[in-house]
Structures are given as structure tokens and as C-alpha cells.
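Okay, everyone, let me get the model up on the screen. I'll talk through the empty spaces first and then the aromatic rings.

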Amino acid sequence: MRQSGILMAVSSIPSKYGIGSFSREAYDFVDFLEAAGQKLWQILPLGPTGYGDSPYQSFSTFAGNPYFIDLETLVEEGYLRREDCEACDFGSDEACVDYGKLYESRFGLLRRAYENSHIKEDPKFGTFCRENGYWLDDYALYMAIKNSYGGKSWVQWEEKIRKRDAQELDRCRERCREEILFYQFIQFLFVKQWRALKEYANEKGIQIIGDIPIYVALDSADTWSHPELFCLDENSLPTAVAGCPPDAFSSTGQLWGNPLYRWEYHKQTDYQWWLRRLGYSYLLYDIVRIDHFRGFDEYYAIPYGDKTAENGRWEPGPGYEIFQRFKSELGRIKVIAEDLGYLTPSVRRLVKKTGYPGMKVLQFAFESGPENDYLPHNYTSNCVVYTGTHDNDTSLSWYDSLKVRDKRFLRRYLHIRSGREAGRALIRAALSSVADMAVIPMQDYLELGGEARMNLPSTLGTNWKWRMKKGACTEALAEEIRGLVQIYGRS
């Protein structure tokens, strides 16, 4: 069935108090999607963010971001007073997230909510903690200890705690009992509010596309609590880290810094950790987009301590075997394979063998002539087409940066006369293609420029901040989008 959807980060929703959340405005956005004839809402990873504010470098692959908890709901439940929320400084620019001010204000309010909640008396909280103990216990303990160390990474903790000495961890649990409960409380609120929003979307016929990074962060509860899963040395430091080699976009490559998996150990344990991770993802999402799918075929290993990605080398990944386990244990799951970048024949074979749809990005389509795989006439139906992703510039800004030759080819291909028409023409090209799914970033429907770019890879300080302004999702825009998807059979 042909479908279409919109890519829109939760953080970009125009909620009150500095960042998008599971608020009334999020429900309004779902209503907008329904009015616009959309069947898909793609979001970015929901995990708690650390240094750099990237959702792809999270303190946990299971936990949720505390910033997304709706404060208005906590006011209605009697956990907070509205005047306390309004007294906080979350920043003055409604089009931009101020993560520094969020960090200073949000956790104080959540602690006040915890103190007012009497949550230990709620049997639903106890049930939640028991059912999620396999990840929640380690995460809450990790965050409590991390706070006692002033936020330092676990690789800088004292040896007994770093290496999880049983007696020392018991002492930590006793000493940090209230802090552990606080972090369990936060996750209880997150899951409760997110599931309510997801259920609302599903009732409207809208499926959620979630996004999980292939790797976890070094500074995470996952790496600390399960070091056996990763390539770490006796000092708990990585022997090599993840990234991408030099290419046309970066002369020194991309140095992500994530620890690499000990794939032999995962194989010996029948990929149990991965099965739990993916299984939990389907409690949160309807469809899962797996970032950097190529890493299952081959992964790029960069020596730890290198300042660039130039000296890395390719190593074999688990291949099709891990997907056989997914299918045998989890059944017919819905996966989107992020198969962008340089694809070797073995990667192409792996994607084809899994049967998962890959990705096509129109911003990659106009640089090498009619044979380019990203041009719509070269698609098969089993794919997902985007004008751009969270890592791309907005389409209007991207068009302005094109070489004269490529602009000329784009105008000929899309049958337009000027760059002013490029944004809508790219959207029509995506929706009219044979791709089963078409997903358009909200910024492109709003015809925004480079100020609305979400992420510029390999940079820090300016990413993940864009927010949609209130009132942007108008009835007229919903009607226009609905008309487009009806024309191209995606309603």
C-alpha cells in the first residue's frame, strides 16, 4: 500500500517550556497529520541526550528523554504548580531549543514533581519497575552514580564502581536510593505519556517510525552495565571506535567515537541483547528505521585515540544471521534499512536478502546523470523516498548550494523554470514515485531555508535545535498536502 508521512522530531514541536514534548501541541500535530492525509510520523531517537545534545549519542538505548515529559500534564496531575513552570527560564527564541537553560531548569521541576508524587504508593509504578527491570535498574543506578561524580563519564569513575564490583554497587544502591527512584519515576512518566500519544496517533491511522542508532554511546548505561558486549580493554576504554572513512563530503572521514560490538560474543549468545533492544523498540514504535545499516555487513574500525577517521579499516559484521534471529524470534517486524552512502555489492545483497526497504534521498540524485540510483525513474517499489533527512540541509537551502550544472539538470528533470519551484517539485517527485513510502521533512513543506537545518554531521554546537513556530500547521497547508497525496495515490 502506498503511504506518505512527515519527518518531524518531537523536540521540534512548538510546546511550551523550551522544547517539544508530549504536550497538547503534539496531539495537535497528530491531528494535522490526519487532516493532511498522512499515515506515517517519523521521529528521531527518543533517548536521553548527553554532551552535544545528539539523539544519536544517548545515555541509554532503552530510556527516554526527560525533556519530552509534558509539564502541563504534571500540573494537571497535581505534581507541579503552573507558576513554578512559568518562573523558569527556558530561553526566549521560540524557533530554537536552548539546551543549556533546559538542563538548568527541567530537572529541578522534575525533582519537585517526584517529591510531590508519592510515587512509591502507586502500584502501577511498582509494576513498571518490575517489568522493565532488565534495563531500568542499571540505567537508574548509572545516572545516580554519574550525578554523584558531577556528570563524569563512567570510564572516569573509581575502579570498583567502573568494573561493577558487587559489594560496591550494593553500597551505591543504598547510598543513592532516592536518586535511583527519581530516575525510575522519570522513565515511568516518559513511557506513560509517550504510549498515550502513540495510541492517539494509531487511532487516527498514523504509524510511528522510530529511529535507532546501530551503535550506543561509550558514556551510556548500556556500555557500563554490559562491557562484555563491546570491544573494550582492561581499563574500560575502547580498542577501536566507529565512524566513516574519508569521502567526497569529508576529507578526513567521520569520527563518531562509539564503541564497537564484539560480534563473536553476540553470536555466542544468540544475539539476545539485540533481540531485547529491538523487541523493546516495538513497544515504542510501529516501524523501526535502523541507522547505518551497512555496519551489519561491514563496519569501519578506527584506532581509539585517533583525531580523524583516516586510519580506520573495514571489518566483517554479523551479516544475515542476525536478521534470521530477528525474524525467528520477533516475527514479521517492520524495518527500514538506512542504506545510504557508498554501498558495496555485499551490502546491496544483504539489504535485498532481508527484504527490508532501503532509503532513497532526492538530494543525492542530481550529481551524476540519469544512472544515479536516487533518481525516481531508477526506483523499485520496495523503498522509502525522502527529499532529505535530518542530516541534510532543507531542500531550498540545498538547491542554492548546488553547482550550476547540477541545478540545470534538476530543472530539466523536474520540469521547472526556477529555483523557487524546487522545493515543491522535489516533494511532488517523491510522492509521485513508485516508492511504497514517501517521507517529507516538515521544514520542506514549510519551505524553510538553512536556518531550519536539524543537523550538520561532524559538527557541534548548532545542531538539534530547530523548532517549528506556533501556527505553522495551518488548515490551508493540510489541505494542500492532502491534495498532493490524493493525486499520487497515497491517501
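So here's one to start with: by class, how many nonpolar, polar and charged residues are there in the lining of the second largest cavity? It comes out as eight nonpolar, nine polar and three charged. Bear in mind that this is a predicted model. That cavity has a volume of about 150 Å³. It has 20 lining residues, and if you want to find its centre on screen, go to Leu7, His390, Pro441, Gln443 and Met454, which are the closest to it.

Stepping back, there are three cavities of 30 Å³ or more. The largest cavity comes to about 240 Å³. Its lining takes 25 residues, with Gly47, Ser60, Thr61, Phe62 and Pro213 nearest the centre. Two elements, strand 3 (207-212) and helix 12 (272-284), give two or more residues each to that lining. Helix 12 is the top contributor there, with four. As for chemistry, the largest cavity is lined by 15 nonpolar, seven polar and three charged residues.

Now for the open spaces. The second largest pocket holds about 420 Å³. Look for Thr49, Phe59, Tyr67, Tyr103 and Phe107: out of 21 lining residues, those are the closest to the pocket's centre. Which helix gives the most to this lining? That's helix 4, with five residues. Helix 4 covers 99-117, and along with helix 6 (133-148) it supplies at least two residues of the lining. The class split for this pocket is 11 nonpolar, seven polar and three charged.

Let me stay on helix 6 for a moment. It's 16 residues long and spans 22 Å from first C-alpha to last, close to the 22 Å expected at 1.5 Å a residue. Is helix 6 mostly covered or mostly uncovered? Mostly covered: 12 of the 16 residues are buried. Among the buried ones are Trp135, Tyr139 and Tyr142, and also Asp138 and Lys146.

On to the rings. The whole structure has 51 aromatic pairs. One I'd pick out is Tyr114 with Phe182, an edge-to-face pair at 6.0 Å centre to centre, with 65 degrees between the planes. What I like is that this pair links distant parts of the chain, Tyr114 in helix 4 and Phe182 in helix 9 (residues 177-203), 68 residues apart. Buried or exposed, what do we have for Tyr114? Tyr114 has a relative accessible area of 11%, so it counts as buried, under the 20% cut-off. Phe182 is buried too, at 1%.

Here's another pair: the ring centres of Phe296 and Phe323 are 5.1 Å apart, and because their planes sit at 70 degrees, the pair is edge-to-face. Phe296 is in the loop between strand 6 (287-290) and strand 7 (298-303), while Phe323 is in helix 13 (residues 320-330), so this pair ties together parts 27 residues apart in sequence. Both of these residues are buried. They also belong to one aromatic cluster, whose members include Tyr215, Phe230, Trp256, Trp273 and Tyr356.

Last thing, charges over rings. Arg294 lies over the face of Trp314, 3.8 Å from the ring centre. Then there's Lys407 over the face of Tyr399, at 5.2 Å from the ring centre. That's me done; shout if you want to see any of it again.

Terms used. Residues are numbered from 1 along each chain as its sequence is written. This is a predicted model: local features need pLDDT of at least 70, side-chain atom pairs count only at pLDDT 80 or more; totals for chains, interfaces and linings use all residues. Side-chain values use heavy atoms; hydrogens and water are left out. On a 1 Å grid over the protein atoms alone, a cavity is a set of points where a 1.4 Å probe fits but cannot get out, and a pocket is an open set with protein on both sides within 12 Å along at least five of seven lines; lining residues have an atom within 4 Å of a point. Grid points are joined across faces, edges and corners, and a volume is the space filled by probe spheres set on the points. Ala, Val, Leu, Ile, Met, Phe, Trp, Tyr, Cys and Pro count as nonpolar, Asp, Glu, Lys and Arg as charged, and the others, Gly among them, as polar. Rings of Phe, Tyr and Trp (its six-membered ring) pair if their centres lie within 6.5 Å; planes under 30 degrees apart count as stacked, over 60 as edge-to-face and the rest as tilted. Buried means under 20% relative accessible area, exposed over 50%, partly exposed in between (1.4 Å probe, protein chains only). A charge sits over a ring if NZ of Lys or CZ of Arg is within 6 Å of the ring centre and within 35 degrees of the ring normal. The expected span of a helix is 1.5 Å times one less than its number of residues.
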